[in-house]
Structure formats: C-alpha cells, structure tokens
2 protein chains.
Amino acid sequence: MSFARFKREAAISRQDICREMLASHRAAIKIQKEEVAIRNLERIYDATLRVSNQKGFQAMTMRDLSRASGLSMGALYDHLASKEELLEMIQSTGRRLTSRILKESYASVEDPGGKLAAAIRTHLYLSEAMQPWFFFSYMEARHLGDKEKQLAKQSEQRTERVFAGIIRQGNKQGAFNEADPNLTAAVIKAMVQDWYLKRWKYAKRRISVDRYADFVIKATLGCCAGINGAGKEAGA
Amino acid sequence: MSFARFKREAAISRQDICREMLASHRAAIKIQKEEVAIRNLERIYDATLRVSNQKGFQAMTMRDLSRASGLSMGALYDHLASKEELLEMIQSTGRRLTSRILKESYASVEDPGGKLAAAIRTHLYLSEAMQPWFFFSYMEARHLGDKEKQLAKQSEQRTERVFAGIIRQGNKQGAFNEADPNLTAAVIKAMVQDWYLKRWKYAKRRISVDRYADFVIKATLGCCAGINGAGKEAGA
DNA sequence: CTAAAAAGCGAGCGAACGTTCGCTTTTTTC
DNA sequence: GAAAAAAGCGAACGTTCGCTCGCTTTTTAG
C-alpha cells in the first residue's frame with residue numbers, strides 16, 4: 001500500500017465532507033437547495049482551515065472568513081448559525097468521517113506485526129490526505145465547549161487504544177517482546193501527530209509520507225518485535 | 001539522575017524567570033523598583049500561563065488577566081507595553097533560559113549512548129519543571145510576529161540538531177547503527193513534546209516523568225544500538 | 001414572460017476589546 | 001511628619017468584533 005493508492009481508494013473529497021456537514025447540521029443552515037449549500041460550504045470549509053491554520057481560529061474574524069471564502073457576511077450566516085457552531089461543525093464532522101475510515105481500513109489484517117504496521121500506515125496516510133483538518137482539530141480543540149471537548153479527547157484515546165490493543169495481542173501471541181502496550185501506543189501516537197503538526201519541517205527536508213511511515217513502522221516493530229519476528233508488513 | 005534531583009540542582013524559580021524578563025524589557029516596564037516589578041511580573045506570568053493554557057492567549061482578554069493576576073488594568077499596563085509584547089516577553093525569555101540550561105547539562109558526557117540518554121532525559125526533566133511555559137510556547141508560537149516566529153522555529157530545529165549530531169557521532173564511533181539520524185532526531189523530539197503537550201493523559205495513567213524518560217531512552221537506544229552496545233546510561 | 005421563492009448582499013447594531021489617563025493611595029526621602 | 005516619588009486604580013475612549021436585517025439579484029415554477 002502506498003499513499004498514492006490510499007488516496008485513490010479512500011476518495012475523501014471536500015464534497016463528501018461538506019455533504020456530511022450539511023446533513024448533520026441541516027437545521028442551522030438556511031439554504032434550501034443541497035447543491036448550493038454544499039458548494040458554498042466547501043468554500044467556507046476551505047477558507048476556515050486556510051485562515052485558521054495560519055493565525056488561529058480565535059484570531060480569524062468573520063470578515064476574514066468572508067473575504068477568504070468570497071461570500072458576503074450575509075451569505076456566510078445563511079450557512080452557519082454562529083462562529084462557535086462553525087468550529088463545532090468542522091470538528092465533529094471530521095471526527096465522524098476519520099474514525100469511520102480508520103475502522104474499516106485495518107480490520108482484515110491478522111498477524112500482529114502486519115496489523116500494527118497497517119494501523120500506523122493508515123493513520124499517517126489519512127492524516128496526510130486530510131492534513132489541514134487534522135492540524136485544525138488538534139490546535140483548536142480547546143476552543144470547543146465542554147461537551148465537545150470531551151468527545152475530542154475520547155476520540156484521541158480511542159486511537160491509542162487501537163494501537164495498545166494490537167500490541168497486547170502481539171504480546172499474548174508471542175510475536176512481540178512484552179513492551180508496555182500503553183506507553184508504546186502513546187509514543188506511536190506522538191510520532192503520527194508530529195507528521196501533521198510539523199509538516200513544514202518534513203516538507204523542507206523532502207521526506208514523503210511513505211518514507212516517514214516506513215521509518216515509524218520500522219522503529220516501532222524494532223522495539224516490539226519478539227523472537228519469532230514481526231518485521232515484515234502485511235499487504236493490508 | 002532523577003527528576004527530583006534535577007529540580008533541586010537546576011533551581012529555575014519563577015523569580016529567576018521574571019528577573020530575566022525585567023532585565024531584557026526594562027524600557028517597556030514603568031515600575032522603578034526591581035523588587036516590586038519582579039513580584040508583580042511573577043503574578044502576571046503565572047496568570048498568563050494559567051489562563052492562556054486553558055483558553056488560548058488570543059481568547060484571554062486583558063480583563064481576564066487583570067482578574068487572574070489580582071492587578072488592576074492600570075497596574076497591569078505599568079508592567080507591559082501591550083498584549084502583543086507580553087507574548088513576546090514570555091516566549092523570548094523562556095527560550096533564552098531553557099536553551100542556556102540545556103546547553104550546560106549534557107556537555108560533559110562522552111560515550112554516545114550515555115550522551116543521547118542524558119540529552120533526552122534533560123529535555124524531559126526541563127519540560128516537566130517548566131511545563132506551563134513549554135505548552136504555552138508550543139501552542140502560541142503562531143501568534144508571534146514574523147521575526148519572533150522565525151526565532152522560535154530556529155530554536156526548535158537547534159534541539160533536533162543536537163539529537164541528530166549525537167547519533168551521527170555514535171554512528172561514526174561504531175556505537176550506533178542508525179541509517180537516518182535526522183528522522184530519528186525528529187521522532188525523539190516528537191516523543192519529548194508529547195510529554196508536555198499531553199500531560200493530562202500521562203497524569204491520568206500515573207506515569208511519572210522518570211518512567212517516561214526511561215521508556216523513551218530504551219526505545220531510542222534499542223533502535224540505534226550497534227554491535228558494541230550502547231544500552232547502558234551514563235551518570236550524567 | 002411573470003410572479004414567487006431562494007440566494008446574496010453590506011451598512012449598521014450593541015457588546016466587548018485593548019489601551020489610556022487623571023486621580024488616589026502607598027512608600028520613600030529628608 | 002510633611003513633601004515628593006512611586007505604585008495602583010478603574011471609568012472612559014475609539015476600534016473592532018460577531019451578528020442582523022431590509023433590500024437587491026438570481027433562480028425556479030407555471
């Protein structure tokens with residue numbers, strides 16, 4: 001599996017994201033026709049991530065967003081109830097979408113080493129395909145309301161539990177060498193996050209997501225691998 | 001070296017930080033007597049990190065800061081020129097202080113394995129001792145002006161170059177067998193950052209900084225180690 | 001083609017922001 | 001203890017914020 005193939009197969013377009021956004025927030029959006037609403041939501045979604053990821057969501061004014069999206073203030077507010085809801089809308093929709101894709105992607109692999117490799121690779125590829133959202137989601141989580149903030153934390157912990165579960169299984173089967181599953185999962189998560197949080201760094205060094213994935217997988221399996229070896233990666 | 005000992009020896013009190021802050025921004029601070037200025041700067045420093053790390057610097061109003069610090073709006077502005085300068089003041093002072101401490105701390109160790117372990121451990125211990133500042137520095141860097149933003153990036157890259165340099169040296173001496181020093185340094189940095197960015201996670205699981213340091217060092221050396229072994233840690 | 005419905009618009013509203021300044025209180029000096 | 005200096009104060013200022021609403025333009029329906 002390479003990133004090019006992942007992107008082709010996963011096919012998560014902005015249009016899909018915005019269709020999901022419209023469906024889950026239908027009441028707050030005044031625009032009647034789905035086609036019109038989605039087209040403009042795409043511009044709003046793009047502009048929000050572009051401006052926010054540069055200066056922060058709190059620092060982005062609705063006038064900034066109006067300019068960046070090409071919509072007037074009035075038209076903007078026909079597509080969202082408030083600035084606060086815009087944040088919640090983008091976060092919750094992205095969360096729902098990403099967790100669905102992740103769940104589907106590595107369920108089929110069986111041997112622990114291959115499963116761990118597939119999980120790491122899929123996380124990295126997905127975060128690459130939706131990098132602006134991942135960055136936004138991480139940096140702006142603390143501006144959410146208490147309830148949504150809790151959901152964001154839960155979502156993050158669920159990811160770690162996936163890694164930890166695979167490692168625990170590998171330990172039990174003797175494929176891994178009894179590394180601490182929780183701590184190992186935590187540092188895997190840290191390495192994955194660094195990819196989308198510090199993209200400029202890796203871009204400058206011309207490191208592709210494929211190469212980064214290879215490196216993280218090698219490092220992880222190097223630490224986990226038991227005597228009967230788990231260094232080879234399954235096809236996913 | 002344990003964290004308890006590090007904290008005793010390094011002795012970086014808020015008073016030291018604020019004395020440095022006053023000295024480097026003397027012109028912008030209207031208060032004449034050093035003792036008074038430092039005492040109040042400590043309250044401002046504490047309050048800024050406390051409120052900012054919860055809701056973000058941009059979302060923190062000067063009235064929030066007045067309330068949290070116990071100083072009136074007028075008194076506040078006798079200790080800083082503007083909100084923007086307050087951000088720059090905290091960031092640049094912390095940067096100067098931390099880089100000075102880091103430089104001194106592992107220069108003495110010689111063998112590559114011990115040196116890498118000491119570097120990782122010191123970074124973790126320092127980030128633990130000044131956790132609020134490290135978190136603040138990471139999250140609010142993008143609100144800095146262009147010039148200061150550049151300095152913050154440089155400071156981060158310098159840290160990574162320290163790790164990469166030690167690994168390269170270890171490769172040359174045959175202690176390490178690491179094909180990619182730059183990527184390894186990057187993921188070490190990522191693991192260190194996760195400690196102060198996700199403290200709540202580790203606190204909830206009751207993982208001490210000492211245990212986390214042991215884990216990161218073991219994982220790193222496990223990946224790097226060459227034939228003549230570098231798993232043992234020097235006393236530092 | 002026309003009338004109704006939908007979408008788009010931007011000046012203007014009250015609230016809240018960062019910052020100031022004339023005044024009071026506290027501390028220092030002689 | 002009186003005069004001078006320093007520190008502390010908070011109402012008020014101009015600006016900018018999120019958001020609204022009456023109006024115009026575009027699209028749809030008959």
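This dialogue treats the DNA surface, the chain interface and the domain interface of a predicted model.

Trainee: Which conventions apply to this model?

Mentor: The model is predicted, and local features need pLDDT of at least 70, side-chain atom pairs count only at pLDDT 80 or more, and totals for chains, interfaces and linings use all residues. Residues are numbered from 1 along each chain as its sequence is written, chains are lettered from A and ligands numbered from 1 in the order in which they are written, and side-chain values use heavy atoms, with hydrogens and water left out.

Trainee: Which residues come nearest to DNA strand D?

Mentor: A residue is near a strand if one of its heavy atoms lies within 4 Å of it. There are 23 such residues around DNA strand D, and those that come nearest are Met62(A), Tyr77(A), Lys83(A), Gln32(B) and Lys33(B). Of the atoms of DNA strand D that come within 4 Å of the protein, 56% belong to sugar and phosphate.

Trainee: Which elements supply at least two residues of that surface, and how do its residues divide by class?

Mentor: Helices (H or I, at least four residues) and strands (E, at least two) are DSSP runs, numbered from the N terminus. Chain A supplies α4 (62-69) and α5 (73-77), and chain B supplies α3 (34-55) and α5 (73-77). For the classes, Ala, Val, Leu, Ile, Met, Phe, Trp, Tyr, Cys and Pro count as nonpolar, Asp, Glu, Lys and Arg as charged, and the others, Gly among them, as polar. The surface near DNA strand D has eight nonpolar, eight polar and seven charged residues.

Trainee: How far does a polar side-chain atom of Tyr77(A) lie from a phosphate oxygen of DNA strand D?

Mentor: The distance is 2.7 Å. A polar backbone atom of Lys83(A) is also 2.7 Å from a phosphate oxygen of DNA strand D, while for a backbone N or O atom of Met60(A) the value is 3.4 Å.

Trainee: How is the interface of chain A and chain B to be read, and what area is buried there?

Mentor: The size of an interface is often given as the accessible area lost when the parts come together. Here buried area (accessible area lost by two parts on being put together, 1.4 Å probe, summed over both) is about 3600 Å² between chain A and chain B, with 57% of it on carbon and sulfur atoms. On the side of chain A, Arg142(A), Leu183(A) and Phe215(A) lose the most area, together 20% of what that side buries. Contact (heavy atoms within 4.5 Å) links 41 residues of chain A with 41 residues of chain B.

Trainee: How many salt bridges does the rule find across this interface?

Mentor: A salt bridge is a side-chain nitrogen of Lys or Arg within 4 Å of a carboxyl oxygen of Asp or Glu. The rule finds ten between chain A and chain B. One of them joins Glu160(B) and Lys201(A) at 2.5 Å, N to O. The largest share of the side of chain A that touches chain B comes from α10(A), with ten residues.

Trainee: How many salt bridges does the rule find between domain 1 and domain 2 of chain A?

Mentor: Domain bounds come from an automatic or database domain assignment, here domain 1 (6-87) and domain 2 (108-224) of chain A. The rule finds zero salt bridges across their interface. The area buried between these domains is about 1200 Å², and carbon and sulfur atoms give 78% of it. Phe6(A), Asn53(A) and Leu87(A) supply 48% of the area that domain 1 buries against domain 2. The side of domain 1 that touches domain 2 has seven nonpolar, five polar and no charged residues.

Technical notes. Polar contact = N/O pair within 3.5 Å; in protein donor to acceptor, adjacent residues only side chain to side chain.
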